[in-house]
Amino acid sequence: MNCLEYRRLLGSDPRHESADMQAHRQECTRCAEHQARSLGFEMQLRRVLNVPVPMGLAERILLAQTTEHRRERGDQRRRWGAGFAIAASLAVAVGLGTLWSAPTAEAFPNMIVDHLAHEPGAFASSQNLPNADVQQRFDNRGVRLAAELPAGISYVSACPIGPYRSVHMVMPEKSGPVTVIYIADHRESGRDDFERNAWHGRSVPMGQGTLVLVAQDSALFDTLERSWRHSIEGDVNTAAGGR
């Protein structure tokens, strides 16, 4: 397979590759970078098109109609209706603020995957960074690592994700890039595997925070989880089967 054929097939569906396409990408740096850019554009496009309907929209429309009907029944009813509408607006605002400050179990994976669409350039590089560059981002987040970092990190950034502080990394594995995000100031209650669109993900409480892995292929998640647990917690027994 040559580059022209690879890019023609990739353009028809950036999320799926045949075995021949994967073999070509692993040998061709330019096509690997082209695939990373295509995936980034695909994520941005999905995010733009994914416009969720606000929760409770039908109920709010019915409430507005009922309130309007009551307003027509007299001055006193209108005053009560206006007061009720203000109270309802305040309740919605407070509810939204509470949801943002304390995301639900469903909101956390959505927040992670949504963040990837904001940084499509994270997938562009396949060259390993010096460990010192990655270590610096963890230091900036106040995270003290217990052991050496896993090898093969091509991108790192100290990103805010929603209300949380994180270290966002990419590891360009043979089966495709794996995004590794360490949330420094939030610890999920338990280990969770999730799927969003074409992405597989896993969040794991680790150290004082949460490690998140996101990729189109989850085959390496177990191995990467062991490696990162060794780096963050220094648990030799757990890391014995690592990379």
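This passage looks at how two helices pack and at one pocket in a predicted model. In this model, local features need pLDDT of at least 70 and side-chain atom pairs count only at pLDDT 80 or more, while totals for chains, interfaces and linings use all residues. Residues are numbered from 1 along each chain, and side-chain values use heavy atoms, without hydrogens and water.

Two packed helices are described by the angle between their axes and the distance between the axes. Helix 1 (residues 3-12) packs against helix 2 (residues 19-27) at about 125°, with axes 10 Å apart; helices here are DSSP runs (H or I, at least four residues) and strands likewise (E, at least two). Axes are lines fitted to C-alpha atoms over the stretch in contact, and angles run from 0 to 180 degrees between N-to-C directions. The two helices are therefore oblique to each other, the word for angles outside the classes roughly parallel (under 35 degrees), roughly perpendicular (65 to 115) and roughly antiparallel (over 145). Where they touch (heavy atoms within 4.5 Å), Cys 3, Tyr 6, Leu 9 and Leu 10 of helix 1 meet Met 21, His 24 and Arg 25 of helix 2.

Arg 25 also appears in the second largest pocket, among the lining residues nearest its centre, together with Ala 32, Ser 126, Pro 172 and Glu 173. Helix 3 (29-49) gives the largest share of this lining, five residues.

Technical notes. On a 1 Å grid over the protein atoms alone, a cavity is a set of points where a 1.4 Å probe fits but cannot get out, and a pocket is an open set with protein on both sides within 12 Å along at least five of seven lines; lining residues have an atom within 4 Å of a point.
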